[in-house]
Amino acid sequence: MHIDVHCHIFPEEYIDLMEREGPRYGAVVHTDEFGDKHAILKGIRQPPLKAFMDTGVRMETMKAMGLDMNILSFSSRPGVYWADPQLADELSQEANNGYARIIKENPDRFSGLATLPAQDPERAVRELERAVTKLGLKGGFMGTNVNGRYLDDEGFLPIYEAAAALKVPIIVHPNNPAAVSEMRDYHLFNLIGFTTESANSIARMIFSGIFDRLPDLQFIFLHGGGTAPILAGRFVHGWEVRPECQKIKRSPLEYMRSHFFFDALVFYPPIVRFLVDLMGCDRIMLGTDLAYDMADTKIVQTLQSAGLSDEEYTKITDLNAKELFGL
């Protein structure tokens, strides 16, 4: 079985509310002459929404790619961080209700992770608890930063405490990378900015000591963990020689291997092999980034060419996700 843990759907309930309430925040949804919806967020046009809304189209794409299940989650844009806390809460509830509806309609094809209004941690905790205990969602979604507040910010501690208590993971998508204005050319904000942003957040979480306080806390980072895996040795050396990196009890690599899952969205079989060798096959899962143009639509072939054993392949494509999400 091939389970995709990194794929995006924006439920129609969320898009409808965004269309009604978003314009005063610079979030505009319009319908073209063909009946397809499009979104513009703060002046930046988003990809056409049909592939992110139509589950029939998604299931056709899954079949063509050899995928059996999508674990649905949000993306960094349009998201909910552009809204005030009250509207962000309402948008999150509508999105999560939409996920529950989609899963009920196709339980063998979809599961999902809850959108959270993380700019208001108290609201986010309530929505995470509702989504997991009432709707059956399998964890939460956050960006690598929330309007400039990084994930080691103490204000997010209640969200992490709730996730740890519920024993569900938080999936993290890169969001608003630093120096984005210097990476507008050549799509570098995505190619370099997103991957560096993920490494920044992973390092912050490790060096903050949060995992010594919450040993059950688990994160899923996307795009192969960004540049963090290749920097793992540098993190370890920093821990050995820099006093500001020494508030943690163990090597950074030990925390990476015990509190983070990475997807295998790296597009190059030898790098998949490197990730498995670094992290262990229990910590890597299949991810595609559907429905963006940066998705790996040949992810099955990428994994099949990575020199994986049958056990490694089965864990990465199937068993790790089943165990983590209780499928």
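Where does Leu91 lie? Let us start there and work through this predicted model in a few short exercises.

**Exercise 1. Place Leu91 and judge its exposure.**

Task: find the element that holds Leu91, decide whether Leu91 is buried or exposed, and give its C-alpha separation from Ser305.

Solution:
- Step 1. Leu91 belongs to helix H4.
- Step 2. The relative accessible area of Leu91 is 0%. Buried means under 20%, so Leu91 is buried.
- Step 3. Along the chain, Leu91 and Ser305 are 214 residues apart, and 41 Å separates their C-alpha atoms.

**Exercise 2. Describe the patch of negative charge.**

Task: list the residues of the negative patch on the surface and name the helices that each supply at least two of them.

Solution:
- Step 1. The patch of negative charge on the surface is a gathering of Glu12, Asp16, Glu90 and Glu94.
- Step 2. At least two of the patch residues come from helix H1 (12–21), and at least two from helix H4 (85–105).
- Step 3. Take Glu90 as an example: this residue sits in helix H4. With a relative accessible area of 32%, Glu90 is partly exposed. Leu91, also found in helix H4, is buried at 0%.

**Exercise 3. Describe the nonpolar patch.**

Task: which residues form the nonpolar patch on the surface, and where does Ile230 lie?

Solution:
- Step 1. The members are Ile230, Tyr268, Ile271 and Phe274, and together they have about 400 Å² of accessible area.
- Step 2. Ile230 can be found in the loop that runs between strand E12 (219–221) and helix H9 (232–241).
- Step 3. The relative accessible area of Ile230 is 63%. Exposed means over 50%, so Ile230 is exposed.

**Exercise 4. Check the backbone for rarer conformations.**

Task: locate the cis peptide bonds that join Arg77 to Pro78 and Leu290 to Ala291, then place the positive phi values of Lys167 and His223.

Solution:
- Step 1. Recall the background: a negative phi is found in most residues other than glycine, and most peptide bonds are trans.
- Step 2. From Arg77 to Pro78 the peptide bond is cis, and its omega is near 0 degrees. Pro78 is in the loop between strand E5 (69–73) and H4.
- Step 3. Leu290 and Ala291 are also joined by a cis peptide bond, here with omega of about 10 degrees. Ala291 is located in the loop between strand E14 (284–285) and helix H12 (299–304).
- Step 4. Lys167 has a positive phi, near 60 degrees, and its place is the loop between helix H6 (157–166) and strand E11 (170–173).
- Step 5. His223 has a positive phi too, near 55 degrees. Its loop is the one between E12 and H9, and the residue is buried, with a relative accessible area of 14%.

**Exercise 5. Follow the salt bridges.**

Task: how many salt bridges are there, and which parts of the chain does the pair of Asp216 and Lys167 tie together?

Solution:
- Step 1. The count comes to 20 salt bridges.
- Step 2. In one of them, Asp120 meets Arg123, with N to O at 2.8 Å. Arg123 is buried, at a relative accessible area of 19%.
- Step 3. Another pairs Arg213 with Glu154, whose closest N and O atoms are 2.7 Å apart. Here distant parts of the chain are linked, 59 residues apart: Arg213 is in helix H8 (residues 210–213) and Glu154 is in the loop between strand E10 (149–150) and H6.
- Step 4. A further salt bridge forms between Asp216 and Lys167, at 3.2 Å between the closest N and O atoms. Asp216 is in the loop between H8 and E12 and Lys167 in the loop between H6 and E11, so this pair ties together parts 49 residues apart in sequence. Asp216 counts as partly exposed at 43% relative accessibility, whereas Lys167 counts as exposed at 60%.
- Step 5. A network of salt bridges links Glu13, Arg101 and Glu105.

**Exercise 6. Look for disulfides.**

Task: how many disulfides does the structure hold, and are Cys7 and Cys245 buried or exposed?

Solution:
- Step 1. The number of disulfides is zero.
- Step 2. Cys7 counts as buried because its relative accessibility is 0%. Cys245 is buried as well, with a relative accessible area of 15%.

Note on methods. Residues numbered from 1 in each chain as written. Predicted model: local features only at pLDDT ≥ 70, side-chain atom pairs only at ≥ 80, totals over all residues. Heavy atoms only, no water. Disulfide = S-S within 2.5 Å. Buried < 20%, exposed > 50% of the residue type's maximum accessible area, 1.4 Å probe, protein only. Patch = residues over 30% accessible without salt bridge, like charges linked within 9 Å, V, L, I, M, F, W, Y side chains within 5 Å. Areas by Shrake-Rupley, 256 points an atom, 1.4 Å probe, with all protein chains shown as cover. Salt bridge = Lys/Arg side-chain N within 4 Å of Asp/Glu carboxyl O. Lys, Arg positive; Asp, Glu negative; His and termini not counted. Charge placed at Lys NZ, Arg CZ, Asp CG, Glu CD. Helix = DSSP H or I, 4+ residues; strand = E, 2+ residues; numbered from the N terminus.
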